Amino acid sequence: MFFTYLGRELTKRKRQSALVATGLAIAIALVVVVNAVSGGIKSAQTQALSGLYGIGTDISVSKEAEPGQGGPRFDVGSADGKTSGTKRTFSKSQLRSEPFIGTITETELAKVKSVAGVTASIATLKLNSITFNGTLPTFSQDGSRGGPVGPDQDGNMPAPPTGGSDGAGGSSFDVTTFTVEGVGVSLQKIGPLASVDVESGRNFAAADEGTYVALVDSSYASTNSVLAGDKLTIGGKKFTVVGIVASNSTAASTPSNVYIPIDVAQALSSNSGVYSNVYVSADSSANLETIKAAIEKKVPGLTVKTSSDLASTVGGSLATASSLVNDMGGWLSIIVLLAAFGTSILFTTSGVNRRIREFGTLKAIGWRSRRVVGQVVGESLVNGLIGGVAGIGLGLAGVWAVNNWAPSLSATVARATNGFAGGPGGFGGPGRDNAAAAALNLTLHASIDPAMIFVAIGFSVLGGLLAGAFGGLRAARLSPSVALRSFE
Amino acid sequence: MYFLSEVTKTYKGKRGLVNAVDGINLEIKQGEMISIQGPTGGGKSTLLQLLGALDKPTSGSVVFEDQAMQGMSDRDLADFRSKKIGFVFQSFNLIPTLTALENVEMALVPLGIERGERARCALEALESVGLGDRATHLPSELSGGQQQRVAIARAIVKEPSVLLADEPTGNLDEATRDEIVGLLVKLWKDKGITLIVVTHDSQIAKKTQRHLNIKDGKLTENSAA
């Protein structure tokens, strides 16, 4: 009888049922769409970051330079360069650690790897290759060198300098810099080379360990006309470019310009046995904060960033959309959901009020209050479920519409050559050029999380239960004599 | 069967406390047919509700078959009503979304009777009031007299000890009134139940054995209607 009565009430009181279900459906649909778009944005952020930080990287570890470690230096000795007449031509290539970036020792790396929840880790060494080409005046022609700058005792001014690039003691320099990352030569599932395709040539092989071979990012290669098989001077050594690699994600380029075997990078930069970055893969995305805290506790002084920390480095319309969906969309969902719950409660309670005579009669013929309440809650629950199912359908249609529209989002991500933008010692560090940012265009693809369907059903059941609880409470408190007296 | 002693029921009205029923003493025997008459607001319906365990007295005692109702919980009162009392209301009080048969079945739901048996009993009750062929009709598809017959079927389907009718013909025309009164009297005779009818109609009151009159909450008994 419960279901017969319930079914009849819902079908015969279509207007009320439809109003309650529609309110809930709109709220649930909004929750589904906001969640799907939010998921799509997160996915776009991950996509934007993956090209720069490597697919599969959940946590990135770096270290801030200790005070006094200083920035880049370029020493020119008196014997450096070749003198030709009044000109001294000079060319020098250095491979240096990135300024303000500290190094992670093998011991520290082992400690990071030993943290519970760390399933894989890749350590790399990020370096800067600086090549200095220029013309200097010869020091012997500079009469003021080591002497007074002003007039001599007789009031004669020192002779003007001669030589150099302009013949008047001037200098002319070309400074070429590019980023170099020392990486392991075996196949990597995380890290900078995890998300690359070899456009030409080949990838690293085990035999490349200890050799002067390099992989070059395709963007850098095309800008600088580098081809597979070419020679590249890094740290004063000639490297053979064995392959040109391109990011296989939407990122325009890979994290670094050039990749060389880690052991070679360490040797050439005088950084034996140390690393600048560790890419960490975690067992579960739910554990990221725990793992981050564990690493920070186990190895104090490390800068540990999770993927959500990295997501904050994404700018452009993607960031705007993200904050819009997460802030406004989230609040809008909550408000609409609360409004729908409120409406359901209002309609159910007013429905109970309209049915006072009915419930009074049921109590008069022997129905216990609990049975009457059960009936009200049952009706409300089914109404909520109908609203939930309709809301999911509406939400799926909304998601389909979003995906059909396929809005394009731009993302700018600071190219953190130390691995992580904005963090201590990273690109946000003092005195650094922060202009190196990757601009990407991504298509938003809203995706439905299957768990969201259950959450939506849960919301609709909750809405139904809340409405039923309020309506049922009204029905339970109803005295049959009062109910019957009110209209008899 | 019923024994009411100094029963008072007080309500909070706009002008203070009102004694709807004021110190009533009454004994009703099994199988009696009683009419309760009186002016509007005199306390007829309140007395009927006290007899039907829809309400508890403010003071005094209502005893039914040696069971004092004022000491019973709401749940026990509901169980008592489901087994012992049949109600017939002036406005029929049928559930508009259910068919005649389902409306009658509703009275058997609290008794935990199995679905098939419930439907069989309900149909039997409908047939006993001459509406076997209207079982699948909604109340809106029935005339006033037919609706009241369904309400009577709902009241008698559980074979109660007492049938309480509150102005059962108040919403019916004269011809239908006689029809319904005839039906109630027939059921009283056939089933041997106690029938208590609240009515304004002296024609109905004349057909009963005892005639009670209630005014300002005070009960008096007339020897003849």
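Which residue of chain A forms a salt bridge with B:Glu102? It is A:Arg8, and the closest N and O atoms are 2.4 Å apart. Keep in mind that this is a predicted model.

Let me stay with that interface. Between chain B and chain A the count is two salt bridges. The pair I just named, B:Glu102 with A:Arg8, is one of them. Polar contacts come next. Twelve residue pairs make them across the two chains, both partners at pLDDT 80 or more. Which helices of chain B each supply at least two residues to the side that touches chain A? They are α2, residues 74-84, and α3, residues 100-105. The most comes from α2(B), with five residues. Sort that side of chain B by class and you get 13 nonpolar, seven polar and nine charged residues.

Now the contact numbers. On the chain B side, 29 residues are in contact with 24 residues of chain A. Together the two chains bury about 2,500 Å². Carbon and sulfur atoms account for 55% of that. Which three residues supply the most of the area that chain B buries here? B:Asn93, B:Thr97 and B:Met106, with 22% of it. No other three residues supply more.

On to chain B as a whole. Its fold has seven helices and ten strands. The chain runs to 225 residues, and 56% of them count as buried. Its accessible surface is about 9,600 Å², with 46% belonging to carbon and sulfur atoms. Now take the contacts in chain B between residues at least 6 apart in sequence. Of those, 70% join residues at least 24 apart.

Next, salt bridges inside chain B. Over all chains the count is 21. I will walk through three that lie within chain B.

Start with B:Glu124 and B:Arg120. Their side chains meet at 3.0 Å, N to O. Both sit in helix α4 of chain B, residues 115-128. They are four residues apart, about one turn of the helix. Buried or exposed? B:Glu124 has 46% relative accessibility, so it counts as partly exposed. B:Arg120 is at 41%, so it is partly exposed too.

Second pair: B:Arg177 and B:Asp201. Here the closest N and O atoms are 2.7 Å apart. This pair links distant parts of the chain, 24 residues apart. B:Arg177 lies in helix α6, residues 174-191. B:Asp201 lies in the loop between β8 (194-198) and α7 (202-205). Why does B:Arg177 count as buried? Because its relative accessible area is 15%, and the cut-off for buried is under 20%. B:Asp201 is at 17%, so it counts as buried as well.

Third pair: B:Arg210 and B:Glu221. Their side chains meet at 2.8 Å, N to O. Again the pair links distant parts of the chain. B:Arg210 is in strand β9, residues 210-215. B:Glu221 is in strand β10, residues 218-222. Eleven residues separate them in sequence. The two ends fall into separate classes. B:Arg210 has 14% relative accessibility, so it counts as buried. B:Glu221 has 45%, so it counts as partly exposed.

One last item, over in chain A. Salt bridges that share partners join A:Glu9, A:Arg355, A:Glu358 and A:Glu379 into one network.

Technical notes. Residues numbered from 1 in each chain as written. Chains lettered and ligands numbered in written order. Heavy atoms only, no water. Buried < 20%, exposed > 50% of the residue type's maximum accessible area, 1.4 Å probe, protein only. Contact = heavy atoms within 4.5 Å. Areas by Shrake-Rupley, 256 points an atom, 1.4 Å probe, with all protein chains shown as cover. Buried area = accessible area lost by both parts, 1.4 Å probe. Salt bridge = Lys/Arg side-chain N within 4 Å of Asp/Glu carboxyl O. Polar contact = N/O pair within 3.5 Å; in protein donor to acceptor, adjacent residues only side chain to side chain. Nonpolar A, V, L, I, M, F, W, Y, C, P; charged D, E, K, R; others polar.
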